Amino acid sequence: QVQLVESGGGLVQAGGSLRLSCVASVKIFNIYTMGWYRQPPGKQRELVAAITGGGITNYADSVKGRFTISRDHAKNTVYLQMNSLKPEDTAVYYCNAANIQMYWGQGTQVTVSS
(Lines give C-alpha, C1' and ligand atoms only; values in the text may rest on other atoms or scores of the structure.)
Protein backbone atom coordinates (compact mmCIF):
# COMPACT_ATOMS: atom_id res chain seq x y z
CA GLN A 1 0.00 0.00 0.00
CA VAL A 2 1.38 3.38 -1.04
CA GLN A 3 0.90 6.29 1.32
CA LEU A 4 1.51 9.89 0.32
CA VAL A 5 1.77 12.68 2.87
CA GLU A 6 1.74 16.29 1.67
CA SER A 7 2.85 19.38 3.53
CA GLY A 8 3.64 23.01 2.82
CA GLY A 9 0.30 24.52 1.94
CA GLY A 10 -0.98 27.73 3.45
CA LEU A 11 -2.06 31.30 2.87
CA VAL A 12 0.13 33.62 0.81
CA GLN A 13 -0.30 36.96 -0.91
CA ALA A 14 -0.28 37.23 -4.67
CA GLY A 15 3.27 37.28 -5.98
CA GLY A 16 4.52 35.16 -3.13
CA SER A 17 5.96 31.66 -3.04
CA LEU A 18 5.27 28.32 -1.41
CA ARG A 19 6.93 24.93 -1.58
CA LEU A 20 4.87 21.78 -1.31
CA SER A 21 6.41 18.48 -0.27
CA CYS A 22 5.11 14.95 -0.57
CA VAL A 23 6.73 11.97 1.10
CA ALA A 24 5.94 8.58 -0.41
CA SER A 25 6.05 5.39 1.60
CA VAL A 26 7.19 3.06 -1.18
CA LYS A 27 9.94 0.49 -1.51
CA ILE A 28 11.17 1.62 -4.92
CA PHE A 29 10.48 5.32 -5.45
CA ASN A 30 11.91 5.71 -8.93
CA ILE A 31 9.39 3.39 -10.59
CA TYR A 32 6.62 5.91 -9.92
CA THR A 33 5.79 8.96 -11.95
CA MET A 34 5.02 11.58 -9.34
CA GLY A 35 2.59 14.39 -9.92
CA TRP A 36 0.83 17.33 -8.38
CA TYR A 37 -2.81 17.96 -9.15
CA ARG A 38 -5.10 20.68 -7.88
CA GLN A 39 -8.81 21.16 -7.46
CA PRO A 40 -10.04 24.75 -7.30
CA PRO A 41 -13.34 25.43 -5.52
CA GLY A 42 -16.23 24.19 -7.63
CA LYS A 43 -13.99 22.85 -10.38
CA GLN A 44 -12.54 19.53 -11.48
CA ARG A 45 -9.17 18.23 -10.43
CA GLU A 46 -6.44 19.10 -12.94
CA LEU A 47 -2.82 18.16 -13.51
CA VAL A 48 -0.35 20.84 -12.43
CA ALA A 49 2.99 19.10 -12.98
CA ALA A 50 4.48 15.62 -13.19
CA ILE A 51 7.94 14.10 -13.13
CA THR A 52 9.01 10.64 -14.20
CA GLY A 53 11.51 8.48 -12.36
CA GLY A 54 14.09 9.59 -14.92
CA GLY A 55 13.40 13.26 -14.31
CA ILE A 56 11.28 14.15 -17.34
CA THR A 57 8.84 16.88 -16.40
CA ASN A 58 5.51 18.07 -17.70
CA TYR A 59 3.62 21.21 -16.71
CA ALA A 60 0.20 22.68 -17.23
CA ASP A 61 0.39 25.76 -19.45
CA SER A 62 -1.02 27.92 -16.66
CA VAL A 63 1.99 27.27 -14.39
CA LYS A 64 4.88 27.07 -16.86
CA GLY A 65 7.69 29.39 -15.85
CA ARG A 66 6.28 29.82 -12.33
CA PHE A 67 6.19 26.32 -10.82
CA THR A 68 8.98 23.74 -10.66
CA ILE A 69 8.55 20.07 -9.82
CA SER A 70 11.49 18.04 -8.53
CA ARG A 71 12.14 14.81 -6.69
CA ASP A 72 14.67 13.52 -4.21
CA HIS A 73 15.13 9.77 -4.50
CA ALA A 74 17.11 9.55 -1.27
CA LYS A 75 14.15 11.00 0.63
CA ASN A 76 11.29 9.48 -1.39
CA THR A 77 10.01 13.02 -1.73
CA VAL A 78 8.58 15.12 -4.53
CA TYR A 79 8.44 18.90 -4.34
CA LEU A 80 6.48 21.63 -6.03
CA GLN A 81 8.10 25.05 -5.86
CA MET A 82 5.47 27.65 -6.62
CA ASN A 83 6.56 31.21 -7.39
CA SER A 84 4.69 34.29 -8.54
CA LEU A 85 1.49 32.87 -7.13
CA LYS A 86 -1.82 34.21 -8.38
CA PRO A 87 -5.30 34.14 -6.80
CA GLU A 88 -6.34 31.65 -9.48
CA ASP A 89 -3.77 29.20 -8.06
CA THR A 90 -6.01 28.84 -5.00
CA ALA A 91 -6.95 25.16 -4.71
CA VAL A 92 -6.46 21.96 -2.79
CA TYR A 93 -3.24 20.44 -4.08
CA TYR A 94 -2.90 16.67 -4.23
CA CYS A 95 0.18 14.53 -4.57
CA ASN A 96 -0.09 11.58 -6.93
CA ALA A 97 2.01 8.48 -7.53
CA ALA A 98 1.41 6.51 -10.70
CA ASN A 99 2.67 3.18 -11.89
CA ILE A 100 0.26 0.34 -12.60
CA GLN A 101 -2.11 2.01 -10.15
CA MET A 102 -2.60 5.59 -9.04
CA TYR A 103 -2.34 6.71 -5.46
CA TRP A 104 -3.37 10.01 -3.89
CA GLY A 105 -2.43 12.03 -0.87
CA GLN A 106 -4.98 13.69 1.38
CA GLY A 107 -4.45 17.13 -0.13
CA THR A 108 -3.14 20.42 1.17
CA GLN A 109 -4.88 23.78 0.86
CA VAL A 110 -3.17 26.63 -0.95
CA THR A 111 -4.86 30.02 -0.74
CA VAL A 112 -3.52 33.04 -2.61
CA SER A 113 -4.98 36.38 -1.59
CA SER A 114 -5.12 39.34 -3.94
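In this predicted model, M34 makes a good starting point for a look at the interior. Beyond its neighbours within four places in sequence, M34 is in contact with L4, A24, F29, A49, A50, I51, I69, R71, V78, C95, N96 and A97. M34 also ranks among the residues with the most contacts inside the largest nonpolar core, alongside L4, W36, L80, M82 and Y93. This core has 31 residues, and the elements that give two or more residues to it are β3, β4, β5, β7, β8, β9 and β11.

C95, one of the contacts of M34, brings us to the disulfide. The search of the whole structure finds one such bond, formed by C22 and C95 with their sulfur atoms 2.1 Å apart. The link is left-handed, with -80° about the S-S bond. Because C22 lies in strand β3 and C95 in strand β9, the pair ties together parts that are 73 residues apart in sequence. C22 is buried, at a relative accessible area of 0%, and C95 is likewise buried at 0%.

Aromatic pairs come to three in number. The rings of Y32 and Y103 have centres 6.5 Å apart and planes at 70°, so they meet edge-to-face. Y32 sits in the loop between β3 and β4, and Y103 in strand β10, 71 residues apart; both are buried. Y94 and W104 also pair edge-to-face, since their planes stand at 90°, with ring centres 6.5 Å apart. Here Y94 is buried at 14% relative accessibility, whereas W104 is partly exposed at 35%. Ring pairs link Y37, Y94 and W104 into a cluster.

Arginines join the rings as well: R45 lies over the face of Y94, 3.7 Å from the ring centre, and R71 lies over the face of F29, at 4.3 Å. Both R71 and F29 are among the contacts of M34.

Technical notes:
Residues are numbered from 1 along each chain as its sequence is written. This is a predicted model: local features need pLDDT of at least 70, side-chain atom pairs count only at pLDDT 80 or more; totals for chains, interfaces and linings use all residues. Side-chain values use heavy atoms; hydrogens and water are left out. A disulfide is a pair of cysteine sulfur atoms within 2.5 Å. Helices (H or I, at least four residues) and strands (E, at least two) are DSSP runs, numbered from the N terminus. Buried means under 20% relative accessible area, exposed over 50%, partly exposed in between (1.4 Å probe, protein chains only). A nonpolar core is a set of buried Ala, Val, Leu, Ile, Met, Phe, Trp, Tyr and Cys residues joined through side-chain atoms within 4.5 Å. Contact means heavy atoms within 4.5 Å. Rings of Phe, Tyr and Trp (its six-membered ring) pair if their centres lie within 6.5 Å; planes under 30 degrees apart count as stacked, over 60 as edge-to-face and the rest as tilted. A charge sits over a ring if NZ of Lys or CZ of Arg is within 6 Å of the ring centre and within 35 degrees of the ring normal.
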